[in-house]
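Keep the sequence and the model side by side. We will go through charged pairs first, then a sheet.

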Amino acid sequence: MQLDHVDVAIIGAGNVGIAVAYYLVKQHGAQRITLVDPRDPMSLTSAQSGENYRNWWSHPTMTAFTDHSISLMEALDRESGGRLNMTRGGYVLATRRQRPQDLIDNLYRGYGREPGLIRFHEAAAGDYRPPQRTPWSQAPLGVDVLLDQGLIRTTFPTLDPEIRTVLHVRRAGSISAQQMGQVMLEAIRAAGGSVRRAKVRGISAGAPFRLELQSDQGTATLKADRIVNAAGPYLRDIGRMLGDEPPVHNVYQQKISFEDRLGAIPRTLPFTIDLDPQQLAWDDGDRELLEANPATRFLTEPMPGGIHCRPEGAVNGAWVKLGWAYNKASSDVFAEPPMDPHYPDILLRGASRTHAGLKAYIGRLPRGMHHYGGYYTMTPENWPLIGRTNVPGAFIAGALSGFGSMAACATGALCAAWINGAPIPDYARALSGDRHADARLMQELVALDKGAL
C-alpha cells in the first residue's frame, strides 16, 4: 500500500537507505516509512559493491564506526541463518618496504595499544595463524604484521617475492551485500514499511515536507514529517532541493572480474592490496604513443598504490575480482559513465606486479570478463555524512566512498538514532556535518591525508 503521508521518507533504496529504514523499524519501532527510488532497490551503486569489509583505518573514529557496523552485520548474519555469507579471511596489505614505521604507527593510531591486538612476526616460526575457511566467529582479532620474507613466501606464495612486509588485518573479509539488503528489506516490509518506485522532482520544506514524485503512473505528492537524503551519487541534487547542498563530489571507479582458468590466484587468498606506487611496464612504441597524448601520459608516470585482488565466489569456484581506484577526476552522474575500454589492460599490468600469474591474461582475458564501475561519493576529507542537516527534520546518510556496503549497517543505526533523538556513540558526531566546525579534527584529517601523521 502506498501512503500519501508517512513519518519518514528515505530518498534512495541502496544498501544505505535500506539500512536506515531497517534500524528505524528494528530499534525504534517505526512503521509508516517509505523508501523512494526510481530504480529497483540496490541496483545502482550497491550493485557494483566490492562486497568487502574491514575495520582497518588510520583514525580511531573510523575504526570504531566500522567495528560497530561489522558487529551489526554479524548479528544480522546470525539472525538470518547465515544469509550474509560472511567470510573472515582478513585483508592482506602488502609492501616491498622493510618494516614501514609509518604504516605501523597508523595501526596503533587506528587500533590503540591494547596488548596483543597488534602482533609482530619476525621469523618463520611462531604462533601466526594463516587465513583459513573457518566461521567468522572463530577468526582472530587485531592485526598480524609479517616481517619475515620466508614466512610471507610460505603463507602467500603467489605474492611478488620482493614483498617484505605484510599487514594481515583479521576482522575483515567478504559479505553478500545484495543478501544483506534483501534480509533488511524483508523486515522493513513485514513491519509495514514500503518501497515506492518514483523519481523525486522537487521538495517543499516544512512540516510536513512535500515530495513531488514522478513515476510510470504519473505525478504524485508524498508528505513526510521527516526526510532522509540517502541518494548516493545524487546526494547533492537532493540536498539542493532541500536548500542544504552537502560538500560532496562523485568519482567513477572501475573493476573487472573474470574466470581464472589458469589458477593464477589461490582460492584461499584473502582480499589483498598492494600498497606500493606503480610504474607500469610498456614497450618503447606504446610508451611513446602514451606520452604523446595528454590524456594518457599519466600511464607512463608513477601511479598510486592500492591495486586489490581477491577470489570471487565459492572456494571451489574460479572467478577473481580486481580493482584499482586510481581515478581522481570528478564525474557528472547525469552524463554517460566514463568507462575506459583500456582499463582492464592497465589494471592487469599493475596487478601482475603483485601476482605474477596474472601476466598470462594481458591481452588474453577470457570471454565473459565483466568490466564494470560505480560512483564513489565523497567529502573532501573522505569521511561520511550521517546525521542532521541544517534543515529541521531533514537528515543525511551518505558519502561512503568505497566503504558503503561494509558501513551501511552502522550508518543506518546512527541515522535512525539521530532521527529519533536517541543516544549516539561518542564517535558519531565526528561523522556528521558537525565536524566541519571542529578545527582541530579537520586539521588532523588534512595531516592524515598528506601523510604528516
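A salt bridge here is a side-chain nitrogen of Lys or Arg within 4 Å of a carboxyl oxygen of Asp or Glu. The model is predicted. Asp 237 and Arg 240 meet that definition: their side chains form a salt bridge at 3.4 Å, N to O. Both residues sit in helix H6, which spans residues 235-242. They are 3 residues apart, so about one helical turn separates them. Their surroundings differ in exposure class. Asp 237 is buried, because its relative accessible area of 18% falls under the 20% limit. Arg 240 has 45% relative accessibility and counts as partly exposed.

How many salt bridges does a search of the whole structure find? The search finds 26. Another of them joins the side chains of Glu 122 and Arg 99, at 3.3 Å from N to O. This pair links distant parts of the chain, 23 residues apart. Glu 122 lies in the loop between strand E5 (118-121) and strand E6 (143-146). Arg 99 lies in the loop between strand E4 (91-95) and helix H3 (101-111). Glu 122 is exposed, at 52% relative accessibility. Arg 99, at 36%, is partly exposed.

Next, go to Arg 429. Its salt-bridge partner is Asp 434, and the closest N and O atoms are 3.3 Å apart. Arg 429 is partly exposed, with 41% relative accessibility. Asp 434 is also partly exposed, with 27%. Elsewhere, salt bridges that share partners tie four residues into one network: Asp 67, Glu 74, Arg 88 and Arg 171.

Now turn to the sheet. It is open and has 9 strands. Their order is E5-E6-E7-E4-E14-E15-E16-E13-E17, and the pairing is mixed. Which strands stand at the edges? They are E5 and strand E17 (370-378). Each has a single partner strand, so one side of each is left without a neighbour in the sheet. On average, neighbouring strands of this sheet are turned by 20° against each other, direction ignored.

Within this order, E14 is followed by E15. Strand E14 covers residues 271-274, and strand E15 covers residues 307-312. The two run antiparallel and are joined by 3 bridges. To find the register, start at Thr 272, which stands opposite Cys 309 in E15.

The loops come back into view here. E5, at one edge of the sheet, precedes the loop that holds Glu 122. E4, listed between E7 and E14, precedes the loop that holds Arg 99.

Terms used
Residues numbered from 1 in each chain as written. Predicted model: local features only at pLDDT ≥ 70, side-chain atom pairs only at ≥ 80, totals over all residues. Heavy atoms only, no water. Helix = DSSP H or I, 4+ residues; strand = E, 2+ residues; numbered from the N terminus. Buried < 20%, exposed > 50% of the residue type's maximum accessible area, 1.4 Å probe, protein only. Pairing = 2+ DSSP bridges. Axes fitted to C-alpha atoms, helices over the stretch in contact; angles between N-to-C directions.
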